[in-house]
Amino acid sequence: MQTLVGWHVEMEFLEEGDKTRAAAMLRLADGTEVRGHGHASRHPSDPAQLRVGEEIAGARALMDVAQTLLKKAHDEIEETTGRSAHPLNR
């Protein structure tokens with residue numbers, strides 16, 4: 001049996017001086033939304049490269065989403081099986 005499922009990711013960035021903030025929102029196939037946040041700070045001696053700040057802040061926001069998804073899966077495994085699940089932190 002083969003199943004095709006799609007997830008949708010939205011990213012927003014806010015640049016303020018040498019700081020970049022990112023917000024990520026993942027919408028699962030069932031409509032559940034998982035959100036994450038990340039930030040990056042440019043060192044004063046580094047050249048201004050907005051894309052680099054976005055990449056770092058965005059990656060951190062996605063890692064935050066990933067941790068939330070792992071926790072959600074862990075909780076669902078325990079709820080379904082009725083026993084402790086192995087940590088899903090990788």
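Q: Helices (H or I, at least four residues) and strands (E, at least two) are DSSP runs, numbered from the N terminus; where is the place of Met-63?
A: Met-63 sits in helix H1. The model is predicted: local features need pLDDT of at least 70, side-chain atom pairs count only at pLDDT 80 or more, and totals for chains, interfaces and linings use all residues. Residues are numbered from 1 along each chain as its sequence is written, and side-chain values use heavy atoms, with hydrogens and water left out.

Q: What makes Met-63 count as exposed?
A: Relative accessible area sets the class: buried is under 20%, exposed is over 50%, and partly exposed lies in between (1.4 Å probe, protein chains only). Met-63 has 53% relative accessibility and therefore counts as exposed. Its C-alpha atom lies 24 Å from that of Ser-84, 21 residues apart in sequence.

Q: Why is Arg-51 called exposed?
A: Arg-51 has a relative accessible area of 60%, so it is classed as exposed. Arg-51 also belongs to helix H1. Between the C-alpha atoms of Arg-51 and Ala-40 there are 11 Å, and 11 residues along the chain.

Q: Which elements does the chain have, and how do they run from the N terminus on?
A: There are 1 helix and 3 strands, in the succession β-β-β-α.

Q: What makes the strands a sheet, and in which order do they stand?
A: Two strands pair if DSSP finds at least two bridges between them. Strand E2 (residues 19-27) and E3 are joined by 9 bridges and run antiparallel, so they pair under that rule. One of the bridge partners is His-37 in E3, matched with Ala-23. The 3 strands make an open sheet in the order E1-E2-E3, with antiparallel pairing. Strand E1 (8-16) and strand E3 (33-41) are the edge strands, each pairing on one side only.

Q: What makes the contact between Arg-27 and Glu-33 a salt bridge?
A: The rule asks for a side-chain nitrogen of Lys or Arg within 4 Å of a carboxyl oxygen of Asp or Glu. For Arg-27 and Glu-33 the N to O distance is 3.2 Å, so the pair qualifies. Arg-27, at a relative accessible area of 29%, is partly exposed, and so is Glu-33 at 36%.

Q: How do you know that Glu-33 and Arg-35 meet in a salt bridge?
A: Their side chains come to 2.6 Å, N to O, which means that the cut-off is met. By this rule the count comes to 7 salt bridges.

Q: What makes Lys-72 and Glu-76 a salt bridge, and where do they lie?
A: The N to O distance is 2.5 Å, so this pair also satisfies the rule. Both residues lie in helix H1 (residues 50-81), 4 residues apart, about one turn of the helix. Lys-72 is partly exposed at 26% relative accessibility, as is Glu-76 with a relative accessible area of 40%. Elsewhere, salt bridges that share partners link Glu-10, Arg-27, Glu-33 and Arg-35 into one network.

Q: How does the radius of gyration of the chain stand against that of a compact globule of 90 residues?
A: The radius is taken over C-alpha atoms, and the globule rule is 2.2 Å times the number of residues to the power 0.38. A compact globule of 90 residues would come near 12 Å, but the chain has 17 Å. Its C-alpha atoms fill a box of roughly 55 × 25 × 20 Å along the principal axes. Buried residues account for 19% of the 90 residues.
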